[in-house]
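Biologist: I am new to this one and would love a guided tour. Could we look at the structure together and talk through how its features get their names?

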Amino acid sequence: MMWHRPHPFTLGGSTSAHLKVENLSAGYGAFLVLRDLTLDIRPGLTVVLGPNGAGKTTLLKALNGLIPRGGNVLLNGEELPEKTHEIVQAGMALVPEGRQLFPQLTVAENLELGGWLVPKAERPQRMEQAFTNFPKLRERASQLAGTMSGGEQQMVAVARAMMCAPRLLMLDEPSLGLAPKMVDELLGIARRIADAGTTVLMVEQNVKKALAVADRGYVLERGNLVASGPAKLLARSTVIREAYLGADKDPATGTTNAADAVARRKKTATAA
Ligand SMILES: Nc1ncnc2c1ncn2[C@@H]1O[C@H](COP(=O)(O)OP(=O)(O)OP(=O)(O)O)[C@@H](O)[C@H]1O
């Protein structure tokens, strides 16, 4: 396993989290996307896979208090609060889809905002830690975030979330729109954060690469769990191979278009 490998991340005393999600329901108004979803997110790196519209982002939004949820969510045995700032205080941070940085602010200012819940006296130390963990950002500390490349911006978004030293970090499609080399770098960062003791829950469309760095995975389709297990086994499973890997790879981007793959799989199943 990878945690024997040395890693450059230092996190300032945070402890890993175990998140138990039981019979979770969540959606938008009367439209329930997730019903009775049960997941066990243990220390390490867990990836949630599935086609567009499966409910992956909805899951992260519900766990981050951005939309109401039903069911039980326990963080290290304690019920997760409902409000976002209380969830952050309890030790869970989200890097949302699309990063949502402040483009007119510098890298350093974006990081400072990530530390809004950290006592003022501790912030310089957290900032120093962020720059140690992400040396590329130190060189860019005074650059406006909006002028950075997609991969660099994603790195700022991850570093910003790490400013509050979360016990559990949620990443929503960190590799979206990035060149293959940056995808590898970002997924490598997610792995190192997990190795350094922060539990990572990551939503990804880049199935093959995500399973290569993850410990465990869950596969959602239309809000339902269709497969789960150790990442290595999932990568070899028929469901994953047929729906997401192999011939379904987009030759232009090297990524797997899961939505098309599932649609094709369903067509084939109907035709048979
Ligand atoms: N704000 C919203 N209001 C109403 N419905 C929404 C809203 N956001 C998402 N949905 C719907 O909820 C369902 C699940 O969407 P969600 O974004 O969770 O999927 P996803 O698995 O993250 O897909 P993607 O990879 O496209 O982000 C979809 O049918 C979507 O249209």
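Modeller: Happily; what follows is a set of questions about how the features of this model are described, and please keep in mind that the model is predicted.

Biologist: Let's start with the sheet. What is the order of the strands in the open sheet of six strands?

Modeller: The order is β6-β7-β8-β3-β9-β10, and the pairing is mixed. From one strand to the next, the twist averages 15°.

Biologist: What makes β6 and β10 the edge strands?

Modeller: Each of them, β6 (92-95) and β10 (224-230), pairs on one side only.

Biologist: How do you know that β3 and β9 pair?

Modeller: Pairing takes at least two bridges. Strand β3 (residues 45-49) and strand β9 (residues 216-221) have four bridges, in the parallel sense, so they count as a pair. To see one bridge for yourself, find V48, whose partner in β9 is Y218.

Biologist: Which strands does helix α1 touch where it packs on the sheet?

Modeller: Helix α1 (residues 56-63) touches β3, β6, β7 (168-172), β8 (199-203) and β9. The direction of α1 makes about 145° with that of β7. Helix α7 (residues 180-195) also packs on the sheet, touching β3, β7 and β8, and its direction makes about 155° with that of β8.

Biologist: Why are α6 and α7 called roughly parallel to each other?

Modeller: The axes of helix α6 (residues 150-162) and α7 cross at roughly 10° and come within 10 Å. Angles under 35 degrees count as roughly parallel, and therefore α6 and α7 get that description. From α6, G151, Q154 and V158 make the contact, and from α7, M182, E185, L186 and I189 do. By class, this contact has four nonpolar, two polar and one charged residues.

Biologist: Back to α1, then. What makes this helix mostly covered?

Modeller: Seven of the eight residues of α1 are buried. A residue is buried if 20 or more other C-beta atoms lie within 10 Å of its own. In α1 that holds for K56, T58, L59, L60, K61, A62 and L63. Just after α1 comes G65, with a positive phi of about 80°.

Biologist: And how does R35 count, and why?

Modeller: R35, in strand β2, has 15 C-beta neighbours inside 10 Å, so R35 counts as partly exposed. The cut-offs are 20 or more for buried and 12 or fewer for exposed, with partly exposed in between. Leaving aside neighbours within four places in sequence, R35 is in contact with S25 and G223.

Biologist: How many bridges join β1 to β2?

Modeller: Seven bridges join strand β1 (residues 19-28) to β2, and the two run antiparallel. They form a hairpin with two residues between them, and G29 in the turn has a positive phi of about 60°. Y28 stands opposite F31 in β2.

Biologist: One last stop, the ligand. Which residues are around the ligand?

Modeller: They are Y28, F31, V33, G50, N52, G53, A54, G55, K56, T57, T58 and Q205. Two or more residues of this shell come from each of β2 (31-41) and α1, and α1 gives the most, with three residues.

Biologist: How do the residues of the shell divide by class?

Modeller: There are four nonpolar, seven polar and one charged. Gly counts among the polar residues here.

Key. Residues are numbered from 1 along each chain as its sequence is written. This is a predicted model: local features need pLDDT of at least 70, side-chain atom pairs count only at pLDDT 80 or more; totals for chains, interfaces and linings use all residues. Axes are lines fitted to C-alpha atoms, for helices over the stretch in contact, and angles run from 0 to 180 degrees between N-to-C directions. Two residues are in contact if their C-beta atoms, placed from the backbone, lie within 7 Å. A residue is near a molecule or strand if its C-beta atom, placed from the backbone, lies within 6 Å of it. Angles under 35 degrees count as roughly parallel, over 145 as roughly antiparallel, 65 to 115 as roughly perpendicular and the rest as oblique.
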